[in-house]
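Work through these exercises with the structure open beside you. Try each task before you read its solution.

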Amino acid sequence: MYVSEWENERRTLSDRYAAVLRQLLGVTDAELREVAPAPIASADGYDELLSRIDAAGSVAESMVKAFDAQTELLRTMDRQMGAAGLVDQMTGHLGALEDALNFAVLPAARRPVALALAGASTLAAWQAIDSGAVERAWRYYELAKRAARDAEAPMYLAHAMGEQAYVLCEAGRPKLALDLVRDAQRTVGRAGSARLRAWLYATEAEMCAHADMPDDCHRALEAALSSIPPGSEERDPDLRSIFLNGVHLARWRGNVLALLGDGNAVTSLYGALEELDPTFVRARAGLHADLAQAHLTRTEYDEAQTHLRQARLLASRTGSVRQRRRVDMLSVRL
């Protein structure tokens, strides 16, 4: 009796599933119950390969926009909260983009995915620098450069080269880093946007400061100031990885002058502090560290201590290994 009741219940559930499938698939009971021949197993992997190629070839514009939107979300989270908690998400995001690119055949399908991968890879690399994972950062920059070349996008390539210079600089090779930045400038030439050119000049100035080349540093700063477009807009419409306007450049100029030991750094830095978007939490940590360095140059130790305290607090909030290391180095001078 028990077995019979169980069998009836099983059949009732089976009928319900069949009804759902009929409605979803639009088939009859006979078609639904017809036993299809078992597929021939593919021993050589071509079926799976063609399946992935077909899937990559069908990546639509909307899908690329979704990839870019995910990058933008990760960029916003990184800016406000730091990179420490984003490693897994970033790794998965890059993996999905690499898969889409690896199996895309024709240039029309490859280029938009390659651009998305280049932008995401430079973000991942900068996060790795901030986390102290320099080898991972280097590999991500190499990935970004390959993707930019695949997309035939010199602006993306130049940006990746410019950021990669920071790995060399922080490894103690500022002159090699400077050579890489100047090569990036030659790579993009006049094809780059004004904002990117200003960004590259500012990067060159920072590398010159680290390489103890003050005259070249000042020339690069002047070139950056003359290249930056007017107005408050900070994003480059052709390269969304770039955040640069007059406020950001004033902060950058103050950082460079502080590296040179120039007492005028304080004026630029305080002006930038007043106007900096509060969502740039990690940038604000760097700005306080810059101010501490500038005050130390002027032997204003109380002010330096105040800004170091703020820099340490914000660096801890974002989990920035890079900024904490800098705070520790400046603290030794107090």
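**Exercise 1. How are helix 15 and helix 16 oriented to each other, and what makes up their contact?**

Solution. Keep in mind that this is a predicted model.

Step 1. State the result. Helix 15 and helix 16 are roughly antiparallel to each other.

Step 2. Check the angle. Helix 15 covers residues 301-318, and it packs against helix 16 at about 155 degrees. The two axes lie 9 Å apart. Angles over 145 degrees count as roughly antiparallel, so the label follows.

Step 3. Give the handedness. The crossing of helix 15 with helix 16 is left-handed.

Step 4. List the partners. Helix 15 brings Leu308, Ala311, Arg312, Ala315 and Ser316 to the contact. Helix 16 brings Gln323, Arg324, Val327, Leu330 and Ser331.

Step 5. Sort them by class. This contact of helix 15 with helix 16 has five nonpolar, three polar and two charged residues.

**Exercise 2. Describe how helix 7 packs against helix 8.**

Solution.

Step 1. Start with the geometry. The angle between helix 7 and helix 8 is about 165 degrees, and the axes are 9 Å apart.

Step 2. Apply the cut-off. That angle makes helix 7 roughly antiparallel to helix 8.

Step 3. Add the handedness. Helix 7 passes helix 8 in a left-handed crossing.

Step 4. Find the residues. On helix 7, the contact includes Val134, Trp138, Tyr141 and Lys145. On helix 8, it includes Tyr156, Leu157, Met161 and Glu163.

Step 5. Sort by class. The contact of helix 7 with helix 8 holds 12 nonpolar residues, one polar and four charged.

**Exercise 3. Do the same for helix 6 and helix 7.**

Solution.

Step 1. Read the geometry. Helix 6 and helix 7 pack at about 160 degrees, with their axes 8 Å apart.

Step 2. Name the orientation. Helix 6 is therefore roughly antiparallel to helix 7.

Step 3. Add the handedness. Helix 6 crosses helix 7 in the left-handed sense.

Step 4. Find the residues. Helix 6 contributes, among them, Arg110, Leu117, Trp126 and Ile129. Helix 7 contributes, among them, Arg136, Tyr140, Leu143 and Asp150.

Step 5. Sort by class. The contact of helix 6 with helix 7 divides into 15 nonpolar, two polar and three charged residues.

**Exercise 4. How many cavities of 30 Å³ or more are there, and what lines the largest cavity?**

Solution.

Step 1. Count. There is one cavity of 30 Å³ or more.

Step 2. Give the volume. The largest cavity has about 70 Å³.

Step 3. Name the lining. Its residues are Ala83, Leu86, Val87, Met90, Thr91, Ala124, Gln127, Ala128, Ser131, Arg136 and Tyr140.

Step 4. Assign elements. Helix 5 (87-102), helix 6 and helix 7 (134-150) each supply at least two of these lining residues. Helix 6 gives the most, with four residues.

Step 5. Sort by class. Seven residues of the cavity lining are nonpolar, three are polar and one is charged.

Step 6. Link back. Arg136 and Tyr140 line the largest cavity. Both also belong to the contact between helix 6 and helix 7.

**Exercise 5. What is the volume of the largest pocket, and which residues are closest to its centre?**

Solution.

Step 1. Give the volume. The largest pocket has about 1,400 Å³.

Step 2. Go to the centre. The lining has 43 residues, and Trp126, Tyr166, Arg251, Arg322 and Gln323 are the closest to the pocket centre.

Step 3. Assign elements. Those giving two or more lining residues include helix 6 (107-131), helix 8 (154-170), strand 2 (239-243) and helix 16 (321-331). The largest share, seven residues, comes from helix 14.

Step 4. Sort by class. The lining of the largest pocket has 19 nonpolar, 10 polar and 14 charged residues.

**Exercise 6. Which helix gives the most to the lining of the second largest pocket?**

Solution.

Step 1. Give the volume. The second largest pocket holds about 260 Å³ of space.

Step 2. Go to the centre. It is lined by 17 residues, with Asp68, Leu115, Ala116, Tyr156 and Arg240 the closest to its centre.

Step 3. Narrow the candidates. Helix 4, helix 6 and strand 2 give two or more residues to this lining.

Step 4. Pick the helix. Helix 4 gives the most, with six residues.

Step 5. Sort by class. The lining of the second largest pocket has nine nonpolar, three polar and five charged residues.

How values were computed. Residues numbered from 1 in each chain as written. Predicted model: local features only at pLDDT ≥ 70, side-chain atom pairs only at ≥ 80, totals over all residues. Heavy atoms only, no water. 1 Å grid on protein atoms, 1.4 Å probe; cavity = no way out; pocket = protein on both sides within 12 Å on 5 of 7 lines; lining within 4 Å. Points joined across faces, edges and corners; volume = space filled by probe spheres on them. Nonpolar A, V, L, I, M, F, W, Y, C, P; charged D, E, K, R; others polar. Axes fitted to C-alpha atoms, helices over the stretch in contact; angles between N-to-C directions. Parallel < 35°, antiparallel > 145°, perpendicular 65-115°, else oblique. Left-handed = near helix turned anticlockwise from the far one by under 90°. Contact = heavy atoms within 4.5 Å.
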